Amino acid sequence: MPHFADIILPLALPKPVFTYAVPDELLDEMQIGRQVEIIFGQHKRYAGIVRRVHQEKPPYPTKPVLAVLSEGAFITEQQIALWEWMAMYYCCTLGEVMQAALPAQLKLSSETRLVRRMDYGDDFSSLDAEEYLLAEALLLREEITLSDARKILNKKTVMPVVQRLINKGVLLLREELRERYRPKKVYAVRLAEPYRSQPDRLAPVLDELGRHEKQLEIALAYIHLSRQRPWVSRQEILDKANASESSLKALLKKGILELYERELSRIADHTTPTATAGTLTDQQRRAIGEIEAFFAQKKPVLLYGVTGSGKTRVYVELIQKVIERGGQVLYMLPEIALTTQIIERLRRIFGAEVAVYHSKISDSERVEIWRAAASGKPVLLTARSGLFLPFKNLQLIVVDEEHDPSFKQQDPAPRYHARDSAIYLAHLCGANILLGAATPSLESWHNAQSGKYGLVQMSERFGNVPLPEIRLLDLREQHKKRQMQSLFAAPLLEGIQTALDQGEQVILFQNRRGYSPVLECRVCGWTAECRHCDVSLTYHKQHHALRCHYCGYQERMPSICPACHSGKIALLGFGTEKIEDELKIFLPKARIARLDLDTASTKNRLNDLLTDFEEKRIDILVGTQMITKGLDFDNVALVGVLGADQLTRFPDFRAGERAFQLLTQVAGRAGRKHKRGLVMIQAWNPNHPVLQEALHGNFEAHAQRELEERKQFLYPPFARLIRVYVRHPKEEITLAIARQLAEGLRQRLAHRVLGPTQPTIGRLRGYFVQEILLKLEKSATLLDETKRLLLDTAGQLATQPGWSQARIYADVDPM
C-alpha cells in the first residue's frame, strides 16, 4: 500500500502541511523531523520537514519526495510542537515560523546560489565523483546555481551532494557572504626584545628603574601577572600598579615593554575555563535555595534583584549544577551584541562549554552551533532566536532582563515574544525557567504576585554598595534662573567637571540619535518629511544629511525653505550627536564618544567603543538606550539623563513602565563596584509620578500604581490585546479594507473591537496603515475563537478584486 508524507515548507501559506508520495526506496529513511527535497508548484524546489508519514491517500494527484537530505531527525518533535504552538498563538503560518527558525544554510531552495570557499584550496582527492564534478565547476566559475548543479551532474536531485560539500567545507551559500562576527580587540603588553627572549638581561634594567617608582611598579606588575596568565592586558597592569598612562608610555619609549593588539574571540577562543565563579554571598545562597524550592514545584520563577545585586552569579551557580547533571542550559539575552561583558564572564568560567548564537555570526557558524545543540552542548547563550535550537537535554532556561522589549519580534512574522515562548518551551521539555530583571515587566510581576510564578527578591547590591543617589533637575527653574548652558543644567555640567577632575567617567543618556529630529521653516511652518513615511527627517551633522529612521530614505540638507524660499529654517530638538557636539564646546579637553546605531553600526565598531570606555580611554560616553544593556563599568561616577520627559509622553499604555525601566537601568550604570554613584535627571516636569518613583527607586509603588490604572481601563495583564494592521499603497483602499474587516469582527466580538484608526505613523515605507485593536477578556476559549475569526475574515478580504496588494496581519500581545 502506498505511503505519503505531510511536509512543512518554508513558505507563508495558510495550509500548514502539504502531502507528497513517498517512493518505496525512501520509505525506510522517512521519519518525523527529517529534511527532504520536494518540488512545489511547477518547478521550484525546496527543503521541507517531514511532519507525518501515513497511508491516507489525498483526493488529488501527489508529487513524489525527491530525496532525504538529513541523516537522522533534523528537527525534534518538541521543536515541531513549538512551531505549531507559535503559529497558532501568534496568528501566522507554520511556514513563516519554519523560515524564522532555520539557519539560512539549512533552507536550500531553487534560487540558492553556491559559492566556492577559497580557504579549501584545489585538492579534491578526498571527494567522491559527484562531489568532485561540482567542486571542479566551482573552481572554474566560483559561483553556480542549483539549476547549474543539476545540469552538471545530469540528475534531478542534487541537494544531498550539495549538503555533503557544505559539511566538508568546500562550498557555502551566497547568503553567507555577510560581515562575520568579528573578534574583540584589546591592547596587551609584553616584554620588548631582547628582554622577551633573554629575560636574564632584565635584572639590571629593573635596578635602573629604582629612581622611577611608578615605572618600576608597572614592570613588577607585568612580571607578576605574566606568571599567572598567557597574556596581560594594558588595563590589568595599570590597575595592579595603580599607575597612569604616562608611566607606561615611558617604559614603552625606553623599549622595555611593548604594546600590541590581541584579538579576543567571542565565538570560540575560550577552550578552557580561566576563572572561578567566586564565593556566594548570603543573599545569593538564600536566593538559590528559594529558586530551587520553586523549581521543585515546577513553577516559573521571577528573580527580582536590584542592579548590581549579583543576579549573574546566581545564574552561574544554577548553570554549574545543570552541567554536573549532564543537562543543557538556554541562557537568553535581549540583544546579545550589547551584553558582551556577560558573555566574556561566562566564557571565563565555563570555557568551551559555552556557545553563542545570534544574528551577528555567519551562517556556517550558526549551523555548527545548531548541530552542537543537537549533540548536547551544555550552555547556549543566545538572543531570542535561540528558542529554535534543537536541544538534546534542555533542563534550564534563563531569560535575563526579561522585561526588555527586544525579546518581542516585530517584523517579519512570527511576531513572537521570546520570554512567553520560552515558558512554553520549558513546558514542552520539562525544563525549569528563571526570569531575571531589576525592573520586571508588569505582566511577570503580576503573575508572581498572584502565585502563578515563584518570586525571589535580591534587594541589596553586591558588596553592600549603596544604590546611586538620584537628583531631579527642574529645567523650568534652571531656565527661570538663567542657569542653563545650552542643553545642560548647571548642576549637571558641574557634576561632569567634578567627575573628570577626579579621574572618573560619565555616561549621558538621550534616547534619540542624530543631531536634531525636526527641520522647520520659521516663516511658513514647512517641515522636512520622509517621502515614504509620515515622519519628520532627522538631521545628521556628520553626513550633513536628513535621514528617515524608519525606511532609510535620505536627502541633502537644504539651505533655504523649499516651500517659501525663506532662509529662516531652524533645527528643533536634540539627539546624541548634538549633545556630543555641545560637550566639546564646554569641555574641550574631555575625551568624548557616542554610542548609538550610527557609531556602532558594526560589531567591530561597537567592541572598539566599549573596550575604549572600559580601559578609560574615553571620559564621557553619550548614548541611546544601547548604554543601558548589561554593561558594567567600574569607574562611572555620574550618569546624566537629558530628555526624561519624552520617555513618559509617548502615546502608549506601556510608556510609564518603559520610562521607569530605562531610567532605573541607566541609573544602575553608576557606581557599581566601589563607591556610590550619582544620577542627574533633567526634566520639565519633575513631579511626574514615574520620575518620582524612579527618584526613590520604588519599583513596588510604581508597579502598584500602573497595575491599578491598567485594571481600571482593561489593559494587560488584565486583558489580552491583539493589534490588527492593514497596509496598502493607496490610502482609500487601506481605509476601506480596515473598515470592512472591523465590521466583520464586530459582528462576533461587539464592543471588544476598537477602530479602525490611523496609528501614530500613518504611512510607513510607502504603505498607508490602519490599525484595529482587539481588547479581550482573559479567556483561552475567547482568544482562540478570535484568532480563527480574524484569520478567516482577513483571508476572505484578500480575495476581493483590487485588494491583492493589501497586507493584513495581527500582532498578538503587542509591546
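1. Helices H7 (residues 213–226) and H8 (residues 234–241) approach each other to within 9 Å, axis to axis, and their axes cross at roughly 120°. That angle makes H7 oblique to H8, since angles of 65 to 115 degrees would count as roughly perpendicular and those over 145 as roughly antiparallel. The handedness of the H7 and H8 crossing is right-handed. The model discussed here and below is a predicted one.

2. The residues that H7 brings to this contact are Lys 214, Glu 217, Ile 218, Ala 221, Tyr 222, His 224 and Leu 225, and they meet Glu 236, Ile 237, Lys 240 and Ala 241 of H8. Sorted by class, the contact of H7 with H8 comprises 6 nonpolar, 1 polar and 4 charged residues.

3. Asn 242 sits in the loop between H8 and helix H9 (245–253). Its phi is near 50°, which is positive although Asn 242 is not a glycine. Asn 242 is exposed, because its relative accessible area is 62% and the cut-off for exposed is over 50%.

4. A second helix pair to look at is H1 (residues 77–89) with H14 (residues 418–429), whose axes come within 10 Å and cross at roughly 140°. Here too the crossing, that of H1 past H14, is right-handed. From H1 the contact takes Gln 78, Ala 81, Leu 82, Trp 85 and Met 86, and from H14 it takes Asp 420, Ser 421, Tyr 424, Leu 425, Leu 428 and Cys 429. By class, the contact of H1 with H14 has 8 nonpolar, 2 polar and 1 charged residues.

5. The peptide bond between Ala 413 and Pro 414 is cis, with omega about 5°. Pro 414 belongs to the loop between strand E16 (394–400) and H14, the helix that meets H1 in the contact of point 4.

6. Another cis peptide bond runs from Pro 716 to Pro 717, where omega is near 15°. Pro 717 is placed in the loop between helix H23 (699–713) and strand E30 (720–728). Leu 714 is also in the loop between H23 and E30, and has a positive phi of about 60° without being a glycine. At 35% relative accessibility Leu 714 is classed as partly exposed, because that value falls between the 20% and 50% limits.

7. Glu 580 is a residue of helix H18 (residues 576–586). Is this charged side chain's residue buried or exposed? Glu 580 counts as buried, because its relative accessibility is 12% and the limit for buried is under 20%. Apart from neighbours within four places in sequence, Glu 580 contacts Ile 592, Ala 593 and Arg 594.

8. Leu 609 lies in helix H19 (residues 603–614) and is buried, with 14% relative accessible area. Outside the four places on either side in sequence, the contacts of Leu 609 are Ala 593, Arg 594, Leu 595, Thr 599, Ala 600 and Ile 618. Ala 593 and Arg 594 therefore touch Leu 609 as well as Glu 580. Of these contacts, Thr 599 is 10 residues from Leu 609 in sequence, and the C-alpha atoms of the two are 8.7 Å apart.

9. What span should helix H21 (residues 655–667) have at 1.5 Å a residue? The expected value for its 13 residues is 18 Å, and the C-alpha atoms at its ends are 18 Å apart, so the two agree. H21 is largely enclosed by the rest of the structure, because 11 of its 13 residues are buried. The buried residues are Ala 655, Gly 656, Glu 657, Ala 659, Phe 660, Gln 661, Leu 662, Leu 663, Gln 665, Val 666 and Ala 667.

10. Val 535 is in the loop between strand E21 (518–521) and strand E22 (538–540). Although in a loop, Val 535 is buried, with a relative accessible area of 11%. Not counting residues up to four places away in sequence, Val 535 touches Glu 529, Cys 530, Cys 548, Tyr 550 and Ile 761. Gln 800, which is 265 residues from Val 535 in sequence, is 31 Å from it, C-alpha to C-alpha.

Key
Residues numbered from 1 in each chain as written. Predicted model: local features only at pLDDT ≥ 70, side-chain atom pairs only at ≥ 80, totals over all residues. Heavy atoms only, no water. Axes fitted to C-alpha atoms, helices over the stretch in contact; angles between N-to-C directions. Helix = DSSP H or I, 4+ residues; strand = E, 2+ residues; numbered from the N terminus. Parallel < 35°, antiparallel > 145°, perpendicular 65-115°, else oblique. Left-handed = near helix turned anticlockwise from the far one by under 90°. Contact = heavy atoms within 4.5 Å. Nonpolar A, V, L, I, M, F, W, Y, C, P; charged D, E, K, R; others polar. Buried < 20%, exposed > 50% of the residue type's maximum accessible area, 1.4 Å probe, protein only. Expected span 1.5 Å × (residues − 1).
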